[in-house]
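Student: Can you walk me through this one? I'd like to start with how the chains relate.

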2 protein chains.
Amino acid sequence: MARHPVKTDFPVSQVRRYLEPGPIVLVSSRWQGRANIMTMGWHTVMEFTPSLVGCVIASSNHSFHMVRSSGECVINLPTTKLTDEVVGIGNTSGADIDKFAQFGLTMAEAAKVGAPLIRECHANFECRLHDDALVDRYNFFIFEVVRAHVAATPKHPETLHYTGDGMFMVSGNVISRRSLFRPGML
Amino acid sequence: MARHPVKTDFPVSQVRRYLEPGPIVLVSSRWQGRANIMTMGWHTVMEFTPSLVGCVIASSNHSFHMVRSSGECVINLPTTKLTDEVVGIGNTSGADIDKFAQFGLTMAEAAKVGAPLIRECHANFECRLHDDALVDRYNFFIFEVVRAHVAATPKHPETLHYTGDGMFMVSGNVISRRSLFRPGML
């Protein structure tokens with residue numbers, strides 16, 4: 001698998017394809033000329049159109065103020081080949097280190113937001129803050145995905161699903177029950 | 001694997017163990033003497049203590065008014081052995097059928113809420129509505145898990161993760177990076 005998979009535009013209304021299964025993701029941000037990355041496991045799709053994703057970014061994270069101040073971020077989808085980077089990023093702070101440099105990750109410019117894409121990830125979802133009504137109470141941000149980039153292969157990448165306690169479940173095998181769905185319910 | 005696994009109390013502050021990986025879940029509810037079940041894929045952990053889970057229940061679901069009116073539900077965790085039930089429940093409406101009867105599922109009484117547990121599921125999380133601030137705008141409910149019941153085995157059940165289009169990813173294989181975590185970050 002290429003270290004820097006070639007990605008093409010993907011419909012923002014269909015990002016549930018990658019986020020609804022609940023993978024751990026990497027959130028990249030940029031503010032006042034500095035970029036950072038955090039590992040995030042608490043997120044959910046909220047709407048197809050506009051393409052909304054809700055997520056918890058604890059205020060103790062260095063990324064919290066960067067995301068809130070810029071009103072932007074990129075949600076990047078790592079696969080199992082980035083397991084150690086995912087763990088390293090989650091166990092360090094952007095207050096202390098440059099995570100792109102430390103973990104050998106490469107930035108690319110986004111199309112619609114100032115936050116950088118992570119080239120090594122399978123997919124990148126450019127996000128703008130849509131609603132901050134629950135940020136003060138729950139650190140809960142609602143973003144709109146405004147542009148999506150996805151690698152064409154593999155079609156079903158192996159993703160990481162965090163259980164706590166240093167343990168991840170791995171998804172990748174796929175089963176179809178398409179024939180059992182009513183039209184409109186897929 | 002037993003059709004009705006024996007479950008024991010599980011700490012509500014640790015339900016992220018089962019929900020953070022992002023599995024499809026079954027939401028059971030009871031209102032005015034009738035019970036119902038819906039399939040749900042849009043949910044996220046929001047806090048350890050109190051144990052908060054946010055989720056989208058579209059207002060077009062028969063369960064929406066039952067959950068909102070009762071202020072309670074149970075989030076049940078199915079494994080792959082219930083794949084066809086998960087799909088059937090997601091493709092039918094409680095306005096038309098009794099889903100427990102139709103899909104051969106068994107109710108058990110909850111300890112703290114009026115909604116029934118589904119015995120065939122691997123885990124049951126009893127929930128009370130904690131905050132409905134975003135229900136009108138996004139159909140987004142924030143529940144507190146007030147009691148949790150989990151089967152002792154298997155330790156890492158195979159769960160279903162919905163991608164849309166009738167396709168599920170399966171999680172079950174586990175990888176540990178526990179040794180790479182800082183204390184307090186697990």
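Tutor: Sure; we'll take the symmetry, then the interface, then a hairpin and one loop residue. Keep in mind that this is a predicted model.

Student: What turn and shift lay chain B on chain A?

Tutor: A turn of 180° with a shift of 0.0 Å along the axis. The RMSD is 0.0 Å. That is how a two-fold axis relates copies. The same surface serves both: 100% of the contact residues of chain B recur in chain A.

Student: Which residue of chain B comes closest to the rotation axis?

Tutor: G22(B), with its C-alpha at 1.9 Å.

Student: Now the interface. How many residues are in contact?

Tutor: 48 of chain B with 48 of chain A.

Student: Which elements of chain B give two or more residues to that side?

Tutor: α1 (16-19), β4 (43-47), β5, α3 (83-90), β11 (159-162) and β12 (167-176). β12(B) gives the most, with 10 residues.

Student: And how do the residues on that side divide into nonpolar, polar and charged?

Tutor: 23 are nonpolar, 17 polar and eight charged.

Student: Back to β12(B). In what sense does it pair with β12 of chain A?

Tutor: Antiparallel, over nine bridges. As one example of the register, S176(A) stands opposite M167(B).

Student: What about β12(B) and β11(B), how many bridges there?

Tutor: Four, again in the antiparallel sense. L160(B) of β11(B) stands opposite V170(B) in β12(B). The two strands form a hairpin with four residues between them.

Student: Which residue in that turn has a positive phi?

Tutor: G164(B), at about 85°.

Student: Are the faces of β11(B) covered or open?

Tutor: Both are covered. T159(B) and H161(B) are buried on one side. L160(B) and Y162(B) are buried on the other.

Student: New topic. Where does I57(B) lie?

Tutor: In the loop of chain B between β5 (52-56) and α2 (62-70).

Student: Buried or exposed?

Tutor: Buried, because I57(B) has 23 C-beta neighbours inside 10 Å. The cut-off for buried is 20 or more.

Student: What does I57(B) touch, leaving out residues up to four places away in sequence?

Tutor: M40(B), S63(B), F64(B), V67(B), N139(B) and F141(B).

Student: And how far is H43(B) from I57(B) in space?

Tutor: 9.2 Å, C-alpha to C-alpha. In sequence, H43(B) and I57(B) are 14 residues apart.

Key: Residues numbered from 1 in each chain as written. Chains lettered and ligands numbered in written order. Predicted model: local features only at pLDDT ≥ 70, side-chain atom pairs only at ≥ 80, totals over all residues. Buried ≥ 20, exposed ≤ 12 C-beta atoms within 10 Å, placed from the backbone. Contact = placed C-beta atoms within 7 Å. Least-squares fit on C-alpha atoms with pLDDT ≥ 70 in both. Nonpolar A, V, L, I, M, F, W, Y, C, P; charged D, E, K, R; others polar. Pairing = 2+ DSSP bridges.
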